Amino acid sequence: MNPMNLSRVVVSKEGDRLITFQQAAYLTQTSVTILERFADLGLIDPVESMVRLSDLTRVMQIIRLRRDLGLNLVGAAIALELAAEIAQLKAQVRALQQRQF
């Protein structure tokens with residue numbers, strides 16, 4: 001089976017495009033075991049036995065944080081949560097600044 005066979009499009013109830021763990025492992029150059037570990041730790045949120053296409057970015061960020069900064073999985077998760085919170089706070093500051101002008 002070619003892991004890149006994406007001819008069948010699967011979409012979650014929320015409208016997220018879904019791919020199999022095998023396809024996600026192929027695209028992120030990891031293994032199904034690593035992705036299952038990420039799911040077990042709550043680092044990604046699979047839908048049944050499939051991975052959201054949007055989770056691939058998170059997987060790649062985790063891998064990069066581990067490789068480049070030597071963070072463990074918990075450290076990488078915390079770093080990503082903090083980065084998301086900072087981005088949200090910046091957006092709120094911009095919105096407030098626009099209201100003042």
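Which residues of α1 are buried? In this predicted model, the buried residues of α1 are Phe 21, Gln 23, Ala 24, Ala 25 and Thr 28, and the legends below take up their surroundings and then the other elements of the chain.

**View 1. The sheet is open and antiparallel, with its three strands in the order β1-β2-β3.** The edge positions are taken by β1, residues 10–11, and by β3, residues 50–52, each of which pairs on one side only. Strands β1 and β2 run antiparallel and are joined by two bridges, and in this pairing Leu 18 of β2 is the bridge partner of Val 10. Strand β2, which spans residues 17–20, pairs with β3 over three bridges, again in the antiparallel sense. Within that second pairing, Ile 19 has Val 51 of β3 as its bridge partner, while Thr 20 is partnered in β3 by Met 50. Strands of a sheet pair through backbone hydrogen bonds, in either a parallel or an antiparallel arrangement.

**View 2. The hairpin of β1 and β2 has five residues between its strands.** In this hairpin, Gly 15 takes a positive phi near 95°. The strands that the hairpin links are the antiparallel pair β1 and β2, held by two bridges.

**View 3. Helix α1, residues 21–28, and the elements that cover its buried residues.** Strand β2 pairs with β3 in the antiparallel sense over three bridges. Helix α1 packs on the sheet, where it touches both β2 and β3, and the direction of α1 makes about 90° with that of β2. The buried residues of α1 are Phe 21, Gln 23, Ala 24, Ala 25 and Thr 28, and what covers them includes β2, α2, β3 and α3.

**View 4. Helices α1 and α2 cross at roughly 105°.** The axes of α1 and of α2, the helix of residues 32–40, come within 8 Å, and the two helices are therefore roughly perpendicular to each other. On the α1 side the contact is made by Phe 21, Gln 22, Ala 24, Ala 25 and Thr 28, and on the α2 side by Val 32, Leu 35 and Glu 36. Divided by class, the residues of this contact are five nonpolar, two polar and one charged. Of the α1 residues named here, Phe 21, Ala 24, Ala 25 and Thr 28 are buried.

**View 5. Gln 29 and Glu 48 are loop residues with positive phi values.** Gln 29 follows α1 and lies in the loop between α1 and α2; its phi is near 55°, a positive value in a residue other than glycine. With a relative accessible area of 74%, Gln 29 is exposed. Glu 48 lies in the loop between α2 and β3, and its phi is likewise positive, near 55°, in a residue other than glycine. Glu 48 is exposed, with a relative accessible area of 77%.

**View 6. Ser 54 lies in the loop between β3 and α3.** At 49% relative accessibility, Ser 54 counts as partly exposed, since the exposed class begins over 50%. The C-alpha atom of Ser 54 is separated by 13 Å from that of Gln 23, a residue 31 places away along the chain. Gln 23 is itself one of the buried residues of α1.

**View 7. Helices α3 and α4 pack at an angle of about 120°.** Helix α3 comprises residues 55–69 and helix α4 residues 73–100, and their axes lie 9 Å apart. The two helices are therefore oblique to each other, and their crossing is right-handed. The contact is made by Arg 58, Gln 61, Ile 62, Leu 65 and Arg 66 of α3, together with Leu 73, Ala 76, Ala 77, Ala 79 and Leu 80 of α4. By class, this contact has seven nonpolar, one polar and two charged residues.

**View 8. Leu 73 lies in helix α4 and is buried.** Its relative accessibility is 13%, which falls within the buried class because that class covers values under 20%. Apart from residues up to four places away in sequence, Leu 73 touches Arg 37, Phe 38, Leu 41, Leu 43, Ile 62 and Arg 66. The C-alpha atoms of Leu 73 and Ile 62 are separated by 7.3 Å, the two residues being 11 apart along the chain. Both Ile 62 and Leu 73 take part in the contact of α3 with α4.

Definitions and conventions:
Residues are numbered from 1 along each chain as its sequence is written. This is a predicted model: local features need pLDDT of at least 70, side-chain atom pairs count only at pLDDT 80 or more; totals for chains, interfaces and linings use all residues. Side-chain values use heavy atoms; hydrogens and water are left out. Two strands pair if DSSP finds at least two bridges between them. Helices (H or I, at least four residues) and strands (E, at least two) are DSSP runs, numbered from the N terminus. Contact means heavy atoms within 4.5 Å. Axes are lines fitted to C-alpha atoms, for helices over the stretch in contact, and angles run from 0 to 180 degrees between N-to-C directions. Angles under 35 degrees count as roughly parallel, over 145 as roughly antiparallel, 65 to 115 as roughly perpendicular and the rest as oblique. Ala, Val, Leu, Ile, Met, Phe, Trp, Tyr, Cys and Pro count as nonpolar, Asp, Glu, Lys and Arg as charged, and the others, Gly among them, as polar. A crossing is left-handed if the near helix is turned anticlockwise from the far one by less than a right angle, and right-handed if clockwise. Buried means under 20% relative accessible area, exposed over 50%, partly exposed in between (1.4 Å probe, protein chains only).
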